[in-house]
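Visitor: Could you take me on a close look at one part of this protein, the largest pocket? I would like to know what lines that pocket and what kinds of residues they are.

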Amino acid sequence: MSRGQRLAVILLVVLLALGLLVSFGPRYIARYLVASQLDELGIEHQGVETLKINPWTREIWLGPVLFGTGPSDPGQLGELGLRFRLKPLLNRRMSLKRLLVRGVDLVVTRSQDGEVALNGIPLSRFISPPEEREKVTEKGSAWGAGANVIELVDSRLIFDDRRRGDLEVEVERLTLREFETWKPERPGLFELAAKVNGIQLNWSGEARPFADNITLAIDSSTRDADVPKIVRFTGPWGLDRREGTYDAALKYEMTLFNSGRIEGHTKGSIDIE
């Protein structure tokens, strides 16, 4: 084998090794970082090894994953997938083409003394003291964030308030489109189909959550809201009558001005029996 051939073979091996490192290295590094952070927080977990990062297609996938602590039932993330852009990172922008979250199952509890926990994990573990948050805010300009499409599908959240009752939110689909912090005046669009304690909610509309004057417009439909479903969360009302239904088709328009003033309008129909 000539010297030139040997150099070609060596170069090919180096390129192959670099290709393998770029293709598979990020996923193993990310798995280690995520697992070590969860271990440090004392959170039991299963499924972190499903984390996959493809730098060539700029995609990240994870799931199914279970997490929790102690005797509480574990929380679940069925699937998370996102596709991101690299160029906006140069301008301190985290820009996603699409984020999909599927099969989330979480239980949030609030104890008699007011402590809030997520599947047995106290949320106080994730909340830094006010003075630390102020230090982070002071460091340079903030990053921007945005996405073309964010979808949450087939998910459930149970909020168990030991001082009142429980609230079960079953999300069939929540879709957010074109929400970007660097375009504050352009409205983002949203659609929601969900049940709250069996009450059917269908919402759609637009919002400007990053503008100086925050605006929100909702076209809403509420069906099958009866007294037992509401009392399940609020607790007994102390009334003799315990039946009744509520259905509504309403349109809301609301503006929160940067001065603190709020202006809103509502129109539509309400049917109460």
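Guide: Happy to! First, a word on how residues are sorted: Ala, Val, Leu, Ile, Met, Phe, Trp, Tyr, Cys and Pro count as nonpolar, Asp, Glu, Lys and Arg as charged, and the others, Gly among them, as polar. Please keep in mind that this is a predicted model.

Now to the pocket itself. The largest pocket has a volume of about 210 Å³. Its lining is made up of V34, L38, V48, L51, L62, V65, F67, Q76, L77, V104 and L106. Sorted as above, the lining has 10 nonpolar residues, one polar residue and no charged ones. Q76 is the polar one, because Gln is not listed among the nonpolar or charged residues.

Where in the fold do these residues come from? Helix and strands both take part: α1 (3–40), β4 (65–68), β5 (75–84) and β6 (93–110) each supply at least two residues of the lining.

If you follow the chain onward from β6, you come to G114, which sits in the loop between β6 and β7 (116–118). G114 is partly exposed, with a relative accessible area of 31%. In sequence, G114 and D161 are 47 residues apart, while in space their C-alpha atoms are 8.9 Å apart.

Further along the chain are paired strands. Strand β13 (residues 214–226) runs antiparallel to strand β14 (residues 245–256), and 11 bridges join them. Within this pair, S220 has L250 as its bridge partner.

How values were computed: Residues are numbered from 1 along each chain as its sequence is written. This is a predicted model: local features need pLDDT of at least 70, side-chain atom pairs count only at pLDDT 80 or more; totals for chains, interfaces and linings use all residues. Side-chain values use heavy atoms; hydrogens and water are left out. On a 1 Å grid over the protein atoms alone, a cavity is a set of points where a 1.4 Å probe fits but cannot get out, and a pocket is an open set with protein on both sides within 12 Å along at least five of seven lines; lining residues have an atom within 4 Å of a point. Grid points are joined across faces, edges and corners, and a volume is the space filled by probe spheres set on the points. Helices (H or I, at least four residues) and strands (E, at least two) are DSSP runs, numbered from the N terminus. Two strands pair if DSSP finds at least two bridges between them. Buried means under 20% relative accessible area, exposed over 50%, partly exposed in between (1.4 Å probe, protein chains only).
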